[in-house]
Amino acid sequence: MWSGVEAAIEPEHNLGHIHPYEIHQPKVNFMPRPLPRTATMPEVPQLPLEPLTVRIPVAVQLTGIGRSKLYELIAAGEVDVVKIGASTLITVASLRRLIQKSRR
């Protein structure tokens, strides 16, 4: 005779000679079904290849100007800044305008 939990389970479920740990549950397939071949996926819009904004260190690398000079340009309003939380982001469009305006 079994002891402990098994003894309490055995008479109630009338498992006979099968030990409770030998009972196997059928496996359930959790894999999603593949889409039928006739279904079409919705078109995903193409994202721009260049970012809309960059952080200060990337703006310094892209333009080749120093960090201090970049902050001067931001203070003068010559470079557009977007603040999101603690992040300072520079618009790539404003960097392009700055370079175009400064060409000789």
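## Fold, sheet and core of the chain

The accessible surface of the chain comes to about 9300 Å², and 59% of that area belongs to carbon and sulfur atoms. These values, like those that follow, are computed from a predicted model. Of the 104 residues of the chain, 18% count as buried. Among the contacts with a separation of 6 or more, 38% link residues that lie 24 or more positions apart.

The secondary structure consists of 4 helices and 3 strands, and from the N terminus on these elements follow one another in the order α-β-α-α-β-β-α.

### The sheet

The 3 strands form an open sheet with the order S1-S3-S2, in which the pairing is antiparallel. Strand S1 (53–55) and strand S2 (81–84) are the edge strands, each of which pairs on one side only. From one strand to the next, the twist averages 40°. The two pairings are set out below, each with one of its opposed residue pairs.

| Strand pair | Bridges | Residues opposite each other |
|---|---|---|
| S1 and S3 (residues 87–91) | 3 bridges | Arg 55 and Leu 89 |
| S2 and S3 | 4 bridges | Lys 83 and Thr 88 |

S2 and S3 also form a hairpin with 2 residues between them, and Gly 85, which lies in the turn, has a positive phi of about 65°. How far is S3 enclosed by the rest of the structure? Since 4 of the 5 residues of S3 are buried, that is, under 20% relative accessible area, the strand is largely enclosed by the rest of the structure.

### Helices against the sheet and each other

Helix H2 (residues 56–63) packs on the sheet, where it touches S1 and S3, and the direction of H2 makes about 105° with that of S1.

H2 also packs with H3, at an angle of about 105° and with the two axes 10 Å apart. Because angles of 65 to 115 degrees count as roughly perpendicular, H2 is roughly perpendicular to H3. On the H2 side this contact is made by Ile 56, Ala 59 and Val 60, while H3 contributes Arg 67, Leu 70, Tyr 71 and Ile 74.

### The nonpolar core

The largest nonpolar core has 11 residues, namely Val 54, Ile 56, Ala 59, Leu 70, Leu 73, Ile 74, Val 79, Ile 90, Val 92, Leu 95 and Leu 98. H2, helix H3 (67–75) and helix H4 (92–102) each supply at least two residues of this core. Ile 56, Ala 59, Leu 70 and Ile 74 belong to this core and also take part in the contact between H2 and H3.

Which residues does Leu 95 touch, if those up to four places away in sequence are not counted? Leu 95 touches Val 54, Ala 59, Thr 63, Leu 70, Val 79 and Ile 90. Among these partners, Val 54, Ala 59, Leu 70, Val 79 and Ile 90 are likewise listed in the nonpolar core.

Conventions: Residues numbered from 1 in each chain as written. Predicted model: local features only at pLDDT ≥ 70, side-chain atom pairs only at ≥ 80, totals over all residues. Heavy atoms only, no water. Buried < 20%, exposed > 50% of the residue type's maximum accessible area, 1.4 Å probe, protein only. Contact = heavy atoms within 4.5 Å. Areas by Shrake-Rupley, 256 points an atom, 1.4 Å probe, with all protein chains shown as cover. Pairing = 2+ DSSP bridges. Axes fitted to C-alpha atoms, helices over the stretch in contact; angles between N-to-C directions. Core = buried A, V, L, I, M, F, W, Y, C linked by side-chain atoms within 4.5 Å. Parallel < 35°, antiparallel > 145°, perpendicular 65-115°, else oblique.
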